[in-house]
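Subject: Structure handover

Dear colleague,

Here is the structure I said I would pass on. My notes on it follow below.

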Amino acid sequence: MRPAPATRTSIDVALSLLELFSAEKRELGVTDMAGILKKKASTLHRTIKVLRNRGYLEQDGHRGKYRLGLKAFELGCVYQNQSSVMNEAMERMERLARATQETVNLAVLDQGMKEIAYIAKIESPHVLKTDIQTGTKLLAHCTALGKVLLASLEPDRLKSLFPARGRLPTYTAKSIASAEQLSRRLAEVRRDGFSTDDEEFRTGVVCVAMPYRDVNGRVVAAISVTGPAIRMTPARISEVKKIMFDTLA
């Protein structure tokens with residue numbers, strides 16, 4: 001028996017509310033949520049109250065704003081513990097972190113395929129290091145991790161995601177800005193087996209990424225070594241690539 005439309009709508013609203021929160025948007029007021037979702041604040045109050053009572057949202061007693069609650073954290077931990085990709089990749093990530101002394105990240109494509117989601121990180125021991133947090137989502141075509149993952153997709157899928165006409169959103173002046181440029185870069189990634197991000201996401205940050213494959217050889221995630229440009233010189237990048245090929249091959 002199909003669920004009633006009202007039930008589907010209420011569930012959809014609840015999930016949409018939870019998905020508003022991110023590393024960049026840690027706290028939101030009801031007015032903020034209503035504005036982003038283009039709904040009246042009065043229509044969201046009941047759902048927000050249920051999420052708060054169930055522990056998925058917490059409210060700041062002084063400012064009245066909401067943030068993700070303990071229950072959301074608990075579900076995230078369940079995902080981490082059951083994720084075979086993450087569990088199997090961590091050992092190699094730890095080896096890379098020890099060998100390079102730089103930050104090592106693990107990411108997957110988000111459901112929409114145009115963004116990546118960072119799902120694990122091992123921080124560099126250096127004081128000067130990158131600060132991308134687990135849970136952050138970034139445009140895939142502007143990151144080394146994302147380009148590795150996009151390169152594994154079928155050509156028809158890529159064409160539907162990135163139509164030939166029009167410009168792509170960018171983070172810096174070095175970001176890939178067109179589907180044609182992206183297509184050329186992805187061809188290089190397939191040929192070389194790795195991707196780089198030379199200040200394409202953030203000025204002063206350089207990254208090298210390679211695919212992480214399951215036992216069947218399918219690309220299921222990507223692993224990167226990231227550091228400040230002042231340390232990630234061309235010679236150092238060559239060293240890092242060798243370490244990564246030896247570790248991830």
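In these notes a residue counts as buried under 20% relative accessible area, as exposed over 50%, and as partly exposed in between. Phe245, at 34% relative accessibility, is therefore partly exposed. Please keep in mind that the model is predicted.

Overall description

The chain has 249 residues, and 41% of them count as buried. Its secondary structure consists of nine helices and eight strands. The C-alpha trace spans about 60 × 45 × 40 Å along its principal axes. Taking the contacts between residues at least 6 apart in sequence, 54% join residues at least 24 apart. The exposed area of the chain is about 14,300 Å², of which carbon and sulfur atoms supply 53%. The chain carries 39 positive and 28 negative charges, and the mean positions of the two sets are 6 Å apart.

Aromatic pairs

There are two aromatic pairs in the structure. One is formed by Tyr171 and Phe201: the ring centres are 5.3 Å apart and the planes stand at 85 degrees, which is over 60, so this pair is edge-to-face. It links distant parts of the chain, with the two positions 30 residues apart. Tyr171 belongs to the loop between α7 (155-161) and α8 (179-192), while Phe201 belongs to the loop between β6 (195-198) and β7 (205-213). As for burial, Tyr171 has 36% relative accessibility and is partly exposed, whereas Phe201 has 13% and is buried.

Phe194 and Phe245 also form an aromatic pair, with 6.2 Å from centre to centre and 90 degrees between the planes, again edge-to-face. Phe194 is in the loop between α8 and β6, and Phe245 is in helix α9 (residues 234-248), so this pair ties together parts of the chain that are 51 residues apart in sequence. Phe194 has a relative accessible area of 16%, under the 20% limit, and is therefore buried. Its partner Phe245, as said above, is partly exposed at 34%. Each pair thus joins a buried ring residue to a partly exposed one: Phe201 is buried and Tyr171 partly exposed, and likewise Phe194 is buried and Phe245 partly exposed.

A charge over a ring

Which ring does the charged end of Lys114 sit over? The ring is that of Phe162, and the charged end of Lys114 is 5.8 Å from its centre.

Regards

Notes:
Residues are numbered from 1 along each chain as its sequence is written. This is a predicted model: local features need pLDDT of at least 70, side-chain atom pairs count only at pLDDT 80 or more; totals for chains, interfaces and linings use all residues. Side-chain values use heavy atoms; hydrogens and water are left out. Helices (H or I, at least four residues) and strands (E, at least two) are DSSP runs, numbered from the N terminus. Buried means under 20% relative accessible area, exposed over 50%, partly exposed in between (1.4 Å probe, protein chains only). Contact means heavy atoms within 4.5 Å. Accessible areas come from the Shrake-Rupley method with a 1.4 Å probe; for residues, only the protein chains shown count as cover. Lys and Arg count as positive and Asp and Glu as negative; His and the chain ends are not counted. The place of a charge is taken as NZ of Lys, CZ of Arg, CG of Asp or CD of Glu. Rings of Phe, Tyr and Trp (its six-membered ring) pair if their centres lie within 6.5 Å; planes under 30 degrees apart count as stacked, over 60 as edge-to-face and the rest as tilted. A charge sits over a ring if NZ of Lys or CZ of Arg is within 6 Å of the ring centre and within 35 degrees of the ring normal.
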